[in-house]
Amino acid sequence: LGLEVPKTWADFVANCQALKDAGKTPVYLAAGGSSTWTTQVLFLGDNYNVVSNDPEFPAQFEAGEAKFAENELALASWKKYEDLKDMLNADASAATYEDGILAMGEGEATHWIILTQVVPEILVDYPEAADNLGIFGIPGDDPENHGITVWEPNAWYVGQKSENAEAAKAFLEFWVSEENIDRYVSEYGANGPSCIKGYTLPDTVAPAIREDMQAYFDAGKVCPALEFQTSVKGNSCEQITTAVATGQITGEEAAAQYDADCLKSAIQMGFDWK
């Protein structure tokens, strides 16, 4: 259809409308069964746009001073769901994560707001889709500041007082050798750029990861998800995002509900929130 990767949210919504007009499914939503966790990704993945414009937000949120319903940038993350309510697959409320893999692998859907872990999973059954899949971050309002929110990888730790510290460190050196990383990547694929200094993903990794995602890191347009900047996250996040994504509540109502949910979590953890 001649559409380009959008660098603003308005451009993304316009692209979705063009896709809808062409008879395509603009945005896939998997809100069925145990897949409701996927509905969080639009809200959580918008963190780059919040923090890059308001760097103090994570610290203020941690202190209980910043609220999603009261911060214009943070509230926008919730309102974006409303912009997409008429752009979703007809079976959104019943569709599952596995259905999304099929829809993207076979080209039935055009966008899926989801974690990049899905790319190697799609390619297991649809290897031919590698050259048809791309990645871009959730756009904000500034075309010159188009970035991406990322989830940090898992890590290995060795206790300083361990009686086997040297053996453990030797194992880790073995584990992160180039040969072993190559072996791992060839078997499981990659979700993003490697955090091992000096290691470059091989050409066998899908361009969506190796090129599209890498470009954000090269440009310094990357921000960790908020859960890596604060220990407070509402326990009912996926229930609230599912409700707003499926049109049961508005973005403003969802933001207010999430603030109340985070307050409960913060109090449970001993934070002095009010």
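The following questions and answers explain how several terms apply to this predicted model.

Residues are numbered from 1 along each chain as its sequence is written, and side-chain values use heavy atoms, with hydrogens and water left out. Because the model is predicted, local features need pLDDT of at least 70 and side-chain atom pairs count only at pLDDT 80 or more, while totals for chains, interfaces and linings use all residues.

Q: Why is Cys262 not counted in a disulfide with Cys237?
A: A disulfide is a pair of cysteine sulfur atoms within 2.5 Å. The sulfur of Cys262 is 7.6 Å from the closest cysteine sulfur, in Cys237, and that is too far for a bond. A search of the whole structure finds 0 disulfides.

Q: What makes Cys237 buried or exposed?
A: The term depends on relative accessible area: buried means under 20%, exposed over 50%, and partly exposed in between, with a 1.4 Å probe and protein chains only. Cys237 has 1% relative accessibility and therefore counts as buried. Cys262 is also buried, with a relative accessible area of 1%.

Q: Why is the pair Asp46 and Lys80 called a salt bridge?
A: A salt bridge is a side-chain nitrogen of Lys or Arg within 4 Å of a carboxyl oxygen of Asp or Glu. In the pair Asp46 and Lys80, the closest N and O atoms are 2.6 Å apart, so the rule is met. By this rule the count comes to 6 salt bridges.

Q: What makes Asp46 and Lys80 a link between distant parts of the chain?
A: Asp46 is in the loop between α2 (41-45) and α3, whereas Lys80 is in helix α5, and the two are 34 residues apart. Helices (H or I, at least four residues) and strands (E, at least two) are DSSP runs, numbered from the N terminus. Asp46 is buried at 1% relative accessibility, and Lys80 is buried at 6%.

Q: How do you know that Asp203, Arg210 and Glu211 belong to one network?
A: Asp203 and Arg210 meet in a salt bridge at 3.9 Å, N to O. Arg210 also forms a salt bridge with Glu211, where the closest N and O atoms are 3.4 Å apart. Salt bridges that share partners join Asp203, Arg210 and Glu211 into one network. Asp203 is exposed at 65%, whereas Arg210 is partly exposed at 21% and Glu211 is partly exposed at 45%.

Q: What makes a space a cavity or a pocket?
A: On a 1 Å grid over the protein atoms alone, a cavity is a set of points where a 1.4 Å probe fits but cannot get out. A pocket is an open set with protein on both sides within 12 Å along at least five of seven lines, and lining residues have an atom within 4 Å of a point. The search finds 3 cavities of 30 Å³ or more. About 150 Å³ of space lies in the largest cavity, where a volume is the space filled by probe spheres set on the points, joined across faces, edges and corners. Of the 14 residues that line this cavity, the closest to its centre are Val27, Tyr28, Leu29, Tyr81 and Ile113.

Q: Which helix supplies the largest share of the lining of the second largest pocket?
A: The largest share, 7 residues, comes from α5. This pocket has a volume of about 320 Å³. Of its 17 lining residues, the closest to its centre are Leu73, Ala76, Lys80, Gly140 and Asp141.
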